[in-house]
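Here are some notes from going through the model, as promised. Have it open next to you while you read.

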Amino acid sequence: MIREIINTDIITLIFIVCLICIALSKLIYTKRFEIFSYLVVNNRYTKLFSKDQHFIELFDGILFINLCLNAAIFFYLFINSLVGETISQLLILKYALLIACFFIVKVLLERLLSSIFEIELLIKDYLFTKTSYRNYLGLLLLPINAILIYSVTPNLNTLIIISLLGLTVFSLGLLTFFKANLNVFKRSMFYFILYLCALEIAPYLIVYQFIAIK
């Protein structure tokens with residue numbers, strides 16, 4: 001029987017870049033990374049660093065690169081399972097770029113809309129929380145992707161379950177934020193609902209329709 005050997009050199013290089021990103025973030029921001037690593041357990045990180053946040057931060061930027069690359073690998077595995085055959089690994093870099101552009105444009109639009117609705121202070125903390133939990137999911141995806149690439153051959157059901165678990169972690173993080181800031185949300189509830197419909201629901205529906213058509 002001929003054994004098919006799949007070359008994973010490109011994916012291995014991407015994993016190395018991800019590990020370098022995580023190592024740099026831990027080396028440069030040792031204390032912050034330590035607190036960040038417990039984000040899913042408590043919200044101490046968001047309480048400590050949300051007040052001093054800037055539009056562009058090196059810590060979040062480094063982890064954002066890791067997130068985009070790992071999300072691209074996971075999406076690559078998902079597409080492979082859908083089409084039933086191995087596609088070019090170079091597409092991972094294309095997926096990573098598209099994911100990065102999507103999130104960057106989305107954040108810019110979110111800040112613009114929050115300014116129009118005059119809820120900038122509220123949305124500023126909300127965006128920080130979302131960014132933090134997204135970057136945390138990037139950390140979780142790294143070992144999961146490594147297992148799926150080198151040890152276990154993933155099927156579509158496995159990838160869907162992992163996606164749902166990731167969505168659950170992200171949703172619980174946002175619910176914790178909503179609960180802690182419930183009184184603030186009540187004062188701007190109408191505008192916040194408009195914000196959610198315009199920039200939290202619609203973009204993902206558009207992306208889903210685009211993927212479905214392709």
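**Notes on the model**

1. Let me start with Leu148. Not counting neighbours within four places in sequence, Leu148 is in contact with Phe74, Leu77, Pro154, Leu159 and Ile162. The residue sits in helix H6, and Leu148 counts as buried because its relative accessible area is 6%, under the 20% cut-off. One partner is a short way along the chain: Leu159 comes eleven residues from Leu148, and the two C-alpha atoms are separated by 9.4 Å.

2. Before going further, a word on confidence. This is a predicted model, and the chain averages a pLDDT of 82, with 79% of the residues scoring at least 70. Which elements mark the two ends of the scale? H1 has the highest mean pLDDT, at 93, while helix H9 (residues 189–213) has the lowest, at 63. Where pLDDT is low, the predicted coordinates should not be read in detail.

3. Now the overall layout. The chain has nine helices and zero strands, so the pattern along the sequence reads α-α-α-α-α-α-α-α-α. Of its 214 residues, 40% are buried. Take the contacts between residues at least 6 apart in sequence: 80% of them join residues at least 24 apart. The accessible surface comes to about 13100 Å², and carbon and sulfur atoms account for 70% of that.

4. On to the inside. The largest nonpolar core has 48 residues, and those with the most contacts inside it are Ile11, Phe36, Tyr45, Ile73, Tyr76, Leu77 and Ile92. At least two residues of this core come from each of H1, helix H2 (30–36), helix H3 (44–49), helix H4 (58–83), helix H5 (91–116), helix H6 (120–150) and helix H7 (156–180). Which helix gives the largest share? That is H4, with 13 residues.

5. Leu77 deserves a second look, as one of the core residues with the most contacts. Leaving out neighbours within four places in sequence, Leu77 is in contact with Asn145, Leu148, Ile149, Pro154 and Leu159. Compare that with Leu148, whose contacts include Leu77, Pro154 and Leu159.

6. Staying with helix H6, check Ile144, which lies there too. Is Ile144 buried or partly exposed? Partly exposed, because its relative accessibility is 29%, and that falls between the 20% and 50% limits. Ile144 and Phe74 are 70 residues apart in sequence, yet their C-alpha atoms are 8.9 Å apart in space. Phe74 is also among the contacts of Leu148.

7. Asn135 is another one to click on in helix H6. With a relative accessible area of 1%, this asparagine is buried. What does Asn135 touch, apart from residues up to four places away in sequence? The answer is Phe36, Asp60, Leu63, Phe64 and Leu67. Phe36 is among the core residues with the most contacts, and Asp60 turns up again in the next point, in a salt bridge.

8. The salt bridges come to two in total. In one, Glu57 pairs with Arg32, with the closest N and O atoms 2.9 Å apart. This pair links distant parts of the chain, since Glu57 is in the loop between H3 and H4 and Arg32 is in helix H2, 25 residues apart. In the other, the side chains of Asp60 and Arg32 meet at 3.9 Å, N to O. Here the link runs from Asp60 in helix H4 to Arg32 in helix H2, 28 residues apart. The 3.9 Å pair counts because the cut-off is within 4 Å.

9. Put those together and Arg32, Glu57 and Asp60 are linked in a network of salt bridges. Where do the partners sit, on the inside or the outside? Glu57 and Arg32 are both buried, and Asp60 is buried as well.

10. Last, the outside. Leu13, Ile16, Ile20, Leu24, Leu27, Ile28 and Leu58 make a nonpolar surface patch of about 680 Å². Helix H1 (residues 9–28) gives the most to the patch, with six residues. Ile16 is one of the patch residues and has its place in helix H1. At 41% relative accessibility, Ile16 is partly exposed.

Key: Residues are numbered from 1 along each chain as its sequence is written. Side-chain values use heavy atoms; hydrogens and water are left out. Patches are made of residues with over 30% relative accessible area and no salt bridge: like charges are joined within 9 Å, nonpolar side chains (Val, Leu, Ile, Met, Phe, Trp, Tyr) within 5 Å. Accessible areas come from the Shrake-Rupley method with a 1.4 Å probe; for residues, only the protein chains shown count as cover. Helices (H or I, at least four residues) and strands (E, at least two) are DSSP runs, numbered from the N terminus. Buried means under 20% relative accessible area, exposed over 50%, partly exposed in between (1.4 Å probe, protein chains only). A nonpolar core is a set of buried Ala, Val, Leu, Ile, Met, Phe, Trp, Tyr and Cys residues joined through side-chain atoms within 4.5 Å. Contact means heavy atoms within 4.5 Å. pLDDT is the predictor's confidence in each residue, from 0 to 100.
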